[in-house]
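Q: Please take a close look at one part of this model, the strands that pair with one another and the side chains around them. What holds on to what there?

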Amino acid sequence: MDTSEEIEIEIKFRVDASNKESIFNKLNDKLIHKKVFTDIYYDTVDDYLLTINDTWLRKRDDVWEYKVPYKQISHICTDVNQSNLTKYKEVTNENEIEKYIKTKLLKIEENENENENKNEN
């Protein structure tokens, strides 16, 4: 039984026009596997509650995924500038996704209600 979980790690690089092609050519030389997929992202209407709270609900090739910040893995890439590193846990179990979203949205709404009450007083 495999108990490992998939973690998405993105590293952002600053690339200027003068070396962009050279960098991409070097990366393509190291490319082991290329995968093409289609993502459709979802969020709340008008206020984008998921996005502004750094969570992402998407459907990737007919599979639901919920990306939540995953702070516990910074030890994996100690040689990378942490400010350029974005780490997310990808939840694919639909029951877990529903639980995460309900919890996240309820927490956000509670915080908004608390702030409104403070402003009224």
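A: A polar contact is a pair of N or O atoms within 3.5 Å, where one must be able to donate a hydrogen and the other to accept it. With that in hand, the side chains of Arg-58 and Glu-65 are joined by a polar contact of 2.6 Å. The model is a predicted one, and the values below are computed from it.

Some background on the chain helps to place this pair. The protein chain has three helices and five strands. Along the sequence they follow the pattern β-α-β-α-β-β-β-α. Of the 121 residues, 21% count as buried. Among contacts in the chain with a separation of 6 or more, 49% are accounted for by residues 24 or more positions apart.

Now the strands. S2 and S3 run antiparallel and are joined by four bridges. S3 and S4 also run antiparallel, and five bridges join them. The hairpin of S3 and S4 has two residues between the strands, and in this hairpin Asp-61 takes a positive phi near 45 degrees.

Arg-58 has its place in strand S3. The bridge partner of Arg-58 in S4 is Glu-65, and the side chains of these two residues make the polar contact of 2.6 Å described at the start. The side chain of Arg-58 also makes a polar contact with the side chain of Tyr-41, at 2.9 Å. Arg-58 has a relative accessibility of 1%, so it counts as buried. The cut-off for buried is under 20% relative accessible area.

Arg-60 is found in S3 too, a strand that covers residues 56-60. Asp-39 stands opposite Arg-60. The charged end of Arg-60 sits over the ring of Phe-37, 3.6 Å from the ring centre. Leaving aside neighbours within four places in sequence, Arg-60 is in contact with Phe-37, Thr-38, Asp-39 and Glu-65. Glu-65 is therefore a residue that Arg-60 touches, as well as the bridge partner of Arg-58. Arg-60 is buried, with a relative accessible area of 16%.

At another position of the S3 and S4 pairing, Trp-56 stands opposite Lys-67 in S4. The charged end of Lys-67 sits over a ring as well, that of Tyr-88, at 4.7 Å from the centre.

Aromatic rings come next. The structure holds three aromatic pairs. In one of them, the ring centres of Tyr-42 and Trp-64 are 5.0 Å apart and the planes are at 45 degrees, so the pair is tilted. Planes under 30 degrees apart would count as stacked and over 60 as edge-to-face. Tyr-42 lies in strand S2 (residues 39-42) and Trp-64 in strand S4 (residues 63-69), so this pair ties together parts that are 22 residues apart in sequence. Tyr-42 counts as partly exposed at 37% relative accessibility, and Trp-64 counts as partly exposed at 24%.

Tyr-66 and Tyr-100 form another aromatic pair, also tilted, with 5.9 Å from centre to centre and 55 degrees between the planes. This pair links distant parts of the chain, with Tyr-66 in strand S4 and Tyr-100 in helix H3 (residues 94-120), 34 residues apart. Tyr-66 is buried, with a relative accessible area of 0%. Tyr-100 counts as partly exposed at 26% relative accessibility.

Tyr-66 leads on to the nonpolar part of the model. The largest nonpolar core has nine residues: Leu-49, Leu-50, Leu-57, Tyr-66, Val-68, Val-91, Ile-97, Ile-101 and Leu-105. The elements that give two or more residues to this core are helix H2 (49-52), S4 and H3. H3 gives the most, with three residues. One of the core residues, Ile-101, touches Leu-57 and Tyr-66, not counting residues up to four places away in sequence. In soluble globular proteins, nonpolar side chains tend to be buried together.

To put the part together: S3 pairs with S2 through four bridges and with S4 through five. Arg-58 in S3 makes side-chain polar contacts with Tyr-41 and with Glu-65. Tyr-66 in S4 pairs with Tyr-100 in H3 and belongs to the largest nonpolar core.

Methods. Residues numbered from 1 in each chain as written. Predicted model: local features only at pLDDT ≥ 70, side-chain atom pairs only at ≥ 80, totals over all residues. Heavy atoms only, no water. Phe/Tyr/Trp six-rings, centres within 6.5 Å; stacked < 30°, edge-to-face > 60°. Buried < 20%, exposed > 50% of the residue type's maximum accessible area, 1.4 Å probe, protein only. Lys NZ or Arg CZ within 6 Å of the ring centre and 35° of its normal. Core = buried A, V, L, I, M, F, W, Y, C linked by side-chain atoms within 4.5 Å. Contact = heavy atoms within 4.5 Å. Pairing = 2+ DSSP bridges.
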